[in-house]
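Trainee: I should like a close look at a single part of this model, namely its salt bridges. Please set them in the context of the chain as a whole.

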Amino acid sequence: IHYCAATHVVGVKRQYDSSVPTSSCDSSSESSESKPDEREVKRQRRLMKNRESACKSRQRKKQYIDELEGTIEQYSTECSQVSTRISSLDAENKVLREEVSFL
């Protein structure tokens, strides 16, 4: 979880730092630029949260798939054991039927 979040935080910060204006001398232009900057900051935060959420979702999905694969493995083993037991019982049943037919 931490790896994904850290990767995206760094990427977002770089994008934000490159978009910040380097000079603003006029205070009126600064106030008019502050709203777009605030929107950009909110947008970047939303994108970062979205990336983190997507990362967590992918991790949950991977964990779920791993659990399903483990369950499949367990059922496959059980199925194999049951098949072996059925074969053994069929052979025993055949032998017993032959004995009964001789009596």
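Mentor: The account below begins with the chain and its confidence, then turns to the salt bridges and to a patch on the surface.

The model is predicted, and the confidence should be stated before any detail. The protein chain has a mean pLDDT of 79, and 67% of its residues reach 70 or more. Over residues 5-30 the pLDDT is below 50, and this stretch has 16 contacts in the model beyond near neighbours in sequence. Helix α2 is assigned to residues 27-102.

As to the overall architecture, the protein chain contains two helices and zero strands. Of its 103 residues, 5% count as buried. The accessible surface of the chain comes to about 9,000 Å², and carbon and sulfur atoms account for 55% of that area.

Against this background, the count of salt bridges comes to two. One of them joins the side chains of Glu40 and Arg43, with an N to O distance of 3.4 Å. This pair satisfies the criterion because a side-chain nitrogen of Lys or Arg must lie within 4 Å of a carboxyl oxygen of Asp or Glu. Glu40 and Arg43 are three residues apart in helix α2, so about one helical turn separates them. Glu40 counts as partly exposed because its relative accessibility is 24%; the limit for a buried residue is under 20%. Arg43 has a relative accessibility of 38% and therefore also counts as partly exposed.

The other salt bridge is formed by Lys62 and Asp66, whose closest N and O atoms are 3.2 Å apart. Both residues belong to helix α2, where a spacing of four residues corresponds to about one turn of the helix. Lys62, at 52% relative accessibility, counts as exposed, since the class begins at values over 50%. Asp66 has a relative accessible area of 37%, so this residue is classed as partly exposed.

The surface also carries a nonpolar patch, formed by Tyr64, Ile65 and Leu68, which together have about 280 Å² of accessible area. Leu68 is placed in helix α2, the helix that also holds Lys62 and Asp66. With a relative accessibility of 38%, Leu68 counts as partly exposed.

In summary, the salt bridges are Glu40 with Arg43 and Lys62 with Asp66. In each pair the partners lie about one turn apart in helix α2.

Technical notes: Residues numbered from 1 in each chain as written. Predicted model: local features only at pLDDT ≥ 70, side-chain atom pairs only at ≥ 80, totals over all residues. Heavy atoms only, no water. Buried < 20%, exposed > 50% of the residue type's maximum accessible area, 1.4 Å probe, protein only. Areas by Shrake-Rupley, 256 points an atom, 1.4 Å probe, with all protein chains shown as cover. Patch = residues over 30% accessible without salt bridge, like charges linked within 9 Å, V, L, I, M, F, W, Y side chains within 5 Å. pLDDT = per-residue confidence, 0-100. Contact = heavy atoms within 4.5 Å.
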